[in-house]
Amino acid sequence: MLAEKYPDEVKKILAKYPPEQKRSAVMPLLYLAQREGGYITKGAMEDIAKTLDITSTEVSEIVGFYTLYHDEKAGKYRMQVCTDLPCALRGADKFLEELCGNLGIQVGETTADGLVTVEAVMCLAGCDKAPMFQLQSANGIEYHENMSVDKTMELVEALRKAK
Ligand code: FES
C-alpha cells in the first residue's frame, strides 16, 4: 500500500487537492508508485484507485496513455522511439528496425544484459528532428534528436561501459 510505504508523501500529495477533487492526485501518486521499480504494478493501480475513489480502469487508462508511465518492468534504460507519421516520413520506422536488429531484439524487448528496452511511441514533440527518441532511466529523461543507428549504438556502448 502506497500510503503505508510513503505516508508523508501521500499525505502531502493529497493535501494539494480539495477532497472533492482528489482524483486530480492520480498523476503524482502514479509517479510515486513508479519511482522505486520503474513501473507500476496492477496492485499499485488498484491501491491508487481506491485512495482516489475512481476505478482501476481509469487509473490504467492514464498509465496506458502517457509514455512516462509503465506497467511492465524494463531494462535500466527505456529507449522510446517516435514512429508517429511525421517521424515515419523522416525514416523512423527504418531506424527502429535497424536499431533493434543491431541490438538483437524486437521492438518492446530488452537487450540480454538488461541494459536497454526499445519501444515505439507516439509523438514526442520533436517531429522535425527524427529519427528521435527519449531515453528514460532512474536519472530522468534525455532527448536524442537527428539520430542515426550508428550514433545510437555508440550511445548504447557508452551506457554499457558506464554501467
Ligand atoms: S511525430 Fe515524432 S516527434 Fe512528433
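## A term to begin with

A polar contact is a pair of N or O atoms within 3.5 Å, and within protein one of the two must be able to donate a hydrogen while the other must be able to accept it. This idea is used below for the side chains of Gln136 and Thr152, where the backbone oxygen of Thr67 lies 3.1 Å from a polar atom of the Gln136 side chain, and where the side chain of Thr152 reaches the backbone oxygen of Ser148 at 2.7 Å.

## The chain as a whole

The structure described here is a predicted model. Its chain contains 8 helices and 4 strands, and when these elements are read along the sequence they follow the pattern α-α-α-α-α-β-α-α-β-β-β-α. Taken along the principal axes, the C-alpha atoms fill a box of roughly 50 × 35 × 20 Å.

The chain has 163 residues, of which 38% count as buried. Among the contacts in the chain with a separation of 6 or more, 59% are accounted for by residues that stand 24 or more positions apart.

## Helix H3 and its cover

Helix H3 runs over residues 26-35, and its buried residues are Val26, Leu29, Leu30, Leu32, Ala33 and Gln34. These buried residues are covered by elements that include helix H1 (2-5), helix H2 (7-15), helix H4 (42-52) and helix H5 (56-65).

## Helices H4 and H5, and the loop between them

The axes of H4 and H5 come within 8 Å and cross at roughly 120 degrees. This angle makes H4 oblique to H5, because it lies outside the range of 65 to 115 degrees that counts as roughly perpendicular and is not over 145, where roughly antiparallel begins. The crossing in which H4 passes H5 is right-handed. On the side of H4, the residues that take part are Met45, Glu46, Ile48 and Ala49, and they meet Ser56, Val59, Ser60 and Val63 of H5. Sorted by class, the residues of this contact divide into 5 nonpolar, 2 polar and 1 charged.

Asp53 lies in the loop between H4 and H5, and its relative accessibility of 61% means that Asp53 counts as exposed. The phi of Asp53 is near 55 degrees, a positive value in a residue other than glycine.

## Helices H7 and H8

The axes of H7 and H8 come within 10 Å and cross at roughly 40 degrees, and the two helices are therefore oblique to each other. Their crossing is right-handed. The contact is made by Phe95, Glu98, Leu99, Asn102 and Leu103 of H7, together with Val149, Thr152, Met153 and Val156 of H8. By class, this contact has 6 nonpolar, 2 polar and 1 charged residues.

Two residues in these helices can be followed more closely. Thr152 has its place in helix H8 (residues 149-162), and it is buried, with a relative accessible area of 0%. Not counting residues up to four places away in sequence, Thr152 touches Met79, Phe95, Leu99, Phe133 and Met147. Cys100 is found in helix H7 (residues 92-103) and counts as buried at 4% relative accessibility. Leaving aside its neighbours within four places in sequence, Cys100 is in contact with Ile105, Gln106, Val107 and Val118. Cys100 and Thr110 are 10 residues apart in sequence, and their C-alpha atoms are 9.8 Å apart in space.

## Gln136 in strand E3

Gln136 has its place in strand E3 (residues 133-137), and with a relative accessible area of 9% it is buried, because buried means under 20%. Besides the atom pair with the backbone oxygen of Thr67, the side chain of Gln136 makes a polar contact with the side chain of Gln80 at 2.6 Å. Leaving aside neighbours within four places in sequence, the residues in contact with Gln136 are Thr67, Leu68, His70, Lys76, Tyr77, Arg78, Gln80 and Ile141.

## Backbone details in two further loops

Most residues other than glycine have a negative phi, and most peptide bonds are trans. Against this background, a cis peptide bond joins Ala130 and Pro131, with omega about -5 degrees, and Pro131 lies in the loop between strand E2 (116-121) and E3.

Asn146 has a positive phi of about 50 degrees although it is not a glycine. Its place is in the loop between strand E4 (140-144) and H8, and at 41% relative accessibility Asn146 counts as partly exposed.

Notes: Residues are numbered from 1 along each chain as its sequence is written. This is a predicted model: local features need pLDDT of at least 70, side-chain atom pairs count only at pLDDT 80 or more; totals for chains, interfaces and linings use all residues. Side-chain values use heavy atoms; hydrogens and water are left out. Buried means under 20% relative accessible area, exposed over 50%, partly exposed in between (1.4 Å probe, protein chains only). Contact means heavy atoms within 4.5 Å. Axes are lines fitted to C-alpha atoms, for helices over the stretch in contact, and angles run from 0 to 180 degrees between N-to-C directions. Angles under 35 degrees count as roughly parallel, over 145 as roughly antiparallel, 65 to 115 as roughly perpendicular and the rest as oblique. A crossing is left-handed if the near helix is turned anticlockwise from the far one by less than a right angle, and right-handed if clockwise. Ala, Val, Leu, Ile, Met, Phe, Trp, Tyr, Cys and Pro count as nonpolar, Asp, Glu, Lys and Arg as charged, and the others, Gly among them, as polar.
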